[in-house]
Amino acid sequence: MTHLPYFHRELSSFRNGLIAVWMIVSSCWVIAQEVNPLVPEKIYLQLDNRVYTKDQTIWIKAVVTDVRYHMPSQLSSVLYVDLIGPGETIIDSKILKLKDGIGSGHFDLRQQYVEGAYLIRAYTRWNQNFGPDYFFQDYVQLLSTSTEAPPTPISTVKFLKREGENPVLQVQFDPLVIDRDHKQKLSVCVSLEDKKDSLLIKPNREGAYELTYQLPAKGNFVTLSLETENLATYSKTFVLDDTYLDVQFFPESGYLVHGLSSKVGLKALDANGKGMYIAGEILTQQGELIMPFTSNELGMGYLMLPLVDSAQTYIAKLSSPVEKIIPLPAVVHRGNVLSVGKVDQQIRVKASSNYLQQDSLIIKVSCRGEDYFEVKGQLKGEQLTFNLPSKSLPEGIIAFTMTDIAHHPLAERLFFNERPKSRLTLNITPNKNTYLQREESQVEVQ
């Protein structure tokens, strides 16, 4: 791997040298890849819709490509596709034959399927070597063709609360809805935050299955999962607190680091998992104001925290839509921050460390398993900053990995390099504006 020498040279010289390095690095990597084929495949599934009714068919076209060049993969000849129901149970599976990386198949939906979100998962045996991160996953919504509410095995749910006492959950089950042959004990699991209780429920004299369960004083959700004697399953989550708000903060590179500034992403979700607008202030534990912040209407945003102190504890005090105190991630004593952004047509990379001032750092730039640059340099004022022309990198997710001189990983940042000018432009012109059913149509594609 070729290094960029003497990083402290003038920026203009650095820019000029990048193109030459790009040519050398690219040619070297192609040779290395030929003798090291241990890279995953990229799986795409094209579906004919995102919302289905129970009398429809999910049609699938599969494309499996080489992760480096986006060409059809010749490695796998079989693709495995699972349809996973709301209870996280595989309800149907298909094996698709691949020819030159292309295959097709379908799932016939059934009336007994419950409404909800269904996960479609696809993988090859080769990709199992690299873990679930390399599986294709996408959700579709399944609706009933009937206007009546579908029957569920959880027929009655009540939350009872008396002053000074913990709330009580009362549930009545009807397992025959999902298993007509069920006769005796019903297995029920009650999940509360990080606590799970497994119970066996017998029918009462009237043949009904009832559960009375004391809940903790504070809780946001409870999930009821049941399994019949014939292994039919059902699961549903209930909201205990309608005002629940999940706010998370994500420091760039994973940590807030003592003495370093950091970009912090934020995400806010309501009890139904939908994003919502929030506003508030970042404070120290002593109440000192650091900065105000807001999210967008989808509950997402970011803030730029100045130099943080490991002796301090930071909190977010929400003022909208509810008043709430949320602790920020703790500040670590030693660490590194890797920041990547785009200014005009340049990708700006800034590496910071509070303990590696005398050592060299290496920033490796890669995309889809292929290395494009490896930049080596020393920190100046706890920072190492450089630019890369965006046109020297492909469009897609670029991984920037920060390592020490021994190539031990210290931090990583993913960045989407957008290059609209490099995209294929398609103009599609039909010969008519409207068509009758099954009428022949002519389309000009330019």
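At 23% relative accessibility, E395 is partly exposed. The model is a predicted one, and this glutamate is a convenient place to enter it. E395 sits in the loop between strand 29 (383–389) and strand 30 (396–404). Its side chain forms a salt bridge with R423, with the closest N and O atoms 3.0 Å apart. R423 belongs to the loop between strand 31 and strand 32, so the contact links distant parts of the chain, 28 residues apart. R423 is also partly exposed, its relative accessible area being 41%. The pair does not stand alone: salt bridges with shared partners join E395, E418 and R423 into one network.

The loop that carries R423 also carries L424. That loop runs between strand 31 (409–417) and strand 32 (428–430). L424 has 74% relative accessibility; it counts as exposed because the cut-off for that class is over 50%. L424 contributes to a nonpolar surface patch together with L426, I428, V443 and V445. The accessible area of these five residues adds up to about 550 Å².

A further salt bridge joins the side chains of E439 and K432, at 2.7 Å from N to O. Both partners fall in the partly exposed class: E439 has 30% relative accessibility, and K432 has a relative accessible area of 35%.

How many salt bridges does a search of the whole structure find? The search finds 6. One of them is formed by the side chains of R121 and D82, with an N to O distance of 2.9 Å. R121 lies in strand 7 (residues 116–123) and D82 in strand 4 (residues 78–84), so this salt bridge ties together parts that are 39 residues apart in sequence. Is D82 buried or exposed? D82 is buried, at 5% relative accessibility, because a residue counts as buried when its relative accessible area is under 20%.

The cysteines are the last topic. The structure holds 0 disulfides. C189 is buried, at a relative accessible area of 19%, a value under the 20% cut-off. C367 is buried as well, with a relative accessible area of 2%.

Conventions
Residues are numbered from 1 along each chain as its sequence is written. This is a predicted model: local features need pLDDT of at least 70, side-chain atom pairs count only at pLDDT 80 or more; totals for chains, interfaces and linings use all residues. Side-chain values use heavy atoms; hydrogens and water are left out. A disulfide is a pair of cysteine sulfur atoms within 2.5 Å. Buried means under 20% relative accessible area, exposed over 50%, partly exposed in between (1.4 Å probe, protein chains only). Patches are made of residues with over 30% relative accessible area and no salt bridge: like charges are joined within 9 Å, nonpolar side chains (Val, Leu, Ile, Met, Phe, Trp, Tyr) within 5 Å. Accessible areas come from the Shrake-Rupley method with a 1.4 Å probe; for residues, only the protein chains shown count as cover. A salt bridge is a side-chain nitrogen of Lys or Arg within 4 Å of a carboxyl oxygen of Asp or Glu. Helices (H or I, at least four residues) and strands (E, at least two) are DSSP runs, numbered from the N terminus.
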